Every structure is written in structure tokens, then in C-alpha cells.
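Here are a few short exercises to work through with the model open in your viewer. Try each task before you read its solution.

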Amino acid sequence: MPPPRTRGTALRQRLAELRGPDVTAKALDARALAALAANPGCERRAILDGAGVDKATLADALGSPSAFGQSQFALTRGNAFEAKVKADGGAELLRLVHERLDPGAAPPADAALPDLSAIGPEGRTARTALALREATGATGTWTLLDHPMIALDVAGSPAFLEPDAVVVHPDGSWTVVEIKSFPMLDGSADPAKVGAAARQAAVYVLALEEVAARLDAAPRVRHRVLLVCPKDFSNLPTASAVDVRKQRAVTSRQLARLTRIEDIADALPEGTCFSPELPAEQLTAAVEAVPAAYAPECLAACELAFHCRERSRAAGAVTSLGRSVRAELGGLTTVEDVLAAARGESGDPRDPAVAALRRAARLRTEALGTMCH
């Protein structure tokens, strides 16, 4: 068996070949990881994200453009709000952390703001780990890490993540800070957007726990993160503490279920490439060589959702009806199988799913007969 360094180098080379010649890898961020964890059975997304393929560009090349992603206006507004929150050395951000999460500690005056600049993601990750170690050892002081870089192992491949901020408390514990541009009205925000932010923050918590575990005395990574948003309809920041223990547990469990990127890559035909420069027929064949696990929920989380939905519907797959429906149907994987079982043409009558379908068909027939008479 080759040493880990050799295996890692070979995997990186293989993933580069899958991206295509001279194609820059797209970084796997926490938003993508949270979406990947929500659908761990999708090998297609796992290998594309692992290889750093730009799925939006790929969707365009496949003829199924993506409607997923943030608008340029939203990005600009978010960047402006984040700059406001972090102005004056992060004084307002630290005040909110102190007020919402650690009011018993000394006020965050003269907080440390370490320089995290370094060459490349590996260098920035190492510099962040050093800054966290030093801040944890400097008990009694507050430290703000602005856009630190942390790594998380995902299916055997490292993902480099960049939280908005991480705060080290005077007691040495660590808090993730998420800054969002959606408003917090009367102290509460859109539950769907808060949920998405919590899942994203949970990914950062998992990555920080890996960093903490490598220190001599592992510091506590707080499971209550700080969500900072504009207050009402103003541009003034306000904040809420969000408990992400549930999201952290689910994300950890789902990421552990992911098939290793190396195993998926090894199963692909020789010469497989996802470069958008390829002819449409060849590119489609490459994408279809990797099994997908489409569900309607993908429409809000994946750039390839329209392409996968079209293929799923063409194949009559019951997954296109939703994960809950798929779970109820057991071994019946196509709509044709479901209809045949309901009509009594196939299926084991002892199968609970088959029995339920036949009963539903009888009830429907009886109801229609009653209406006709």
C-alpha cells in the first residue's frame, strides 16, 4: 500500500484530470458542504465538489442552466454589511458576542486581531491554527480572527473553509460568528434563512473541533454560534445566539456516510472528464457515469438540479416525487413499478408498500364508483 502522501498526490492528480486541463478548482465552501451533507447518497455531487468542478458552468454546458445561487446585488449588500460590522477592529461584533454569549466575562476592550495572511489555503490554515493556539493560551483576553481558514476532511479529501469570524473568549473557548444580510425583524429572522445559516455554521463548528482536538488541552468549541444581521429595515447590526447542536450532529453523521472521493473516482471509466469544453454528448455521458440521488430538495441547493430532475423524470424514478415518498415505497424504485403494484400486476402482497398501494387503489376505485352512481 502506498504511503498516505503518495495516495494523496495521486488523488489530487486524478481530480485535476476530472476537472479538465487548465481548469482552476472551485473551492468547496460551507454552504456546499451543508448541501452535500443533506444528500450524502449523491455520488455525482460528491465527486464534482471533491474535484472542484464549477457546477453552474457545467449545468450551462449540459443545456440545463442553474437558477441556484446569490445575486450580485445580494453579495454586494452582504459585503458592505460585513465591513460595517467589523469596522473599528471589530468593536461592535465583539460587543455583540459579549452581550449575547458571554456577559459574565470582562468587556472586550483591546482585543487582539492576529494577522492571518499566508500563501495558499494550506498556509492560511496553518497560520489560523497557530493563531488559535496562541489566543487560547492568552487567558483573560479576547481575540477576533477575521476570515480564518480551517480545514475539514470530507470523504478523504480536505475542504478549506472560511468562516466570517471566530472569536476566542477570555476563558479560551471558541465561537463561530455568521454575518448575514437578511434582516432580523423584532428580534427574529426568516426561519428558513436562519436554518440555512445554522447548517453552514455547524460545518465550521465541526472543522474547529478538529483543530481543537490537535491541541494539547483541547479548548471548548461553543455550540451556540452568533448570527449577526441588520436590525429591522436599517443597516445597524443586531445579533442572536443560535444553538447548532442538532445541525452539527446531523451534518457529522451525514458526512461520515459519504463514499470516499477516491472510491468514486476509481469506479469511473478511464478518461472521464467533466470539462465544459467537451462536446455536449461526451460531457453528458461523463456526468451520467456517476450515480445521482435527485430529490426536489436539490432545487434549492444544487446547480445541477434541473439536469438531474430531467433525467430522473425520464427514467420514471420515484425519487423525483420526494425523499419522503421514496422512503415509503421501499423496493419500488420507478413510477411504473408503483402503478403495476397498485394494479396487482406485480409485487409481493406481503410487502407493506405493495399492500398499501393496492388498498389505496381499491379505495380510489370505490370512491369513483360511488361518485358515478
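**Exercise 1: A glutamate and its surroundings**

In this predicted model, the side chains of glutamate 178 and lysine 180 are joined by a polar contact of 3.3 Å. Find the strand that holds glutamate 178, and decide whether this residue is buried or exposed.

*Solution.* Start with the location: glutamate 178 sits in strand S5. Next, take its relative accessibility, which is 2%. The cut-off for buried is under 20%, so glutamate 178 counts as buried. Finally, look at what surrounds it: setting aside neighbours within four places in sequence, the contacts of glutamate 178 include Ala197, Gln200, Ala201 and Tyr204, and also Leu226, Leu227 and Val228.

**Exercise 2: From S5 to S6**

Work out in which sense strands S5 and S6 pair, and which handedness their β-α-β unit has.

*Solution.* Begin with the strands: S5 (residues 174-179) runs parallel to S6, with three bridges between them. One bridge to check on screen links valine 177 to leucine 226 in S6. Then add helix H8 (residues 191-213), which completes a right-handed β-α-β unit with S5 and S6.

**Exercise 3: The other partner**

Determine how many bridges join S6 and S7, and how many residues of S6 are buried.

*Solution.* S7 (residues 237-243) pairs with S6 in the antiparallel sense, over seven bridges. Proline 230 has proline 237 in S7 as its bridge partner. Now follow the hairpin: six residues lie between the two strands, and aspartate 232 in the turn has a positive phi of about 50°. As for burial, six of the seven residues in S6 (residues 224-230) are buried.

Terms used
Residues numbered from 1 in each chain as written. Predicted model: local features only at pLDDT ≥ 70, side-chain atom pairs only at ≥ 80, totals over all residues. Heavy atoms only, no water. Buried < 20%, exposed > 50% of the residue type's maximum accessible area, 1.4 Å probe, protein only. Helix = DSSP H or I, 4+ residues; strand = E, 2+ residues; numbered from the N terminus. Pairing = 2+ DSSP bridges. Right-handed = clockwise from strand over helix to strand, strands pointing away. Polar contact = N/O pair within 3.5 Å; in protein donor to acceptor, adjacent residues only side chain to side chain. Contact = heavy atoms within 4.5 Å.
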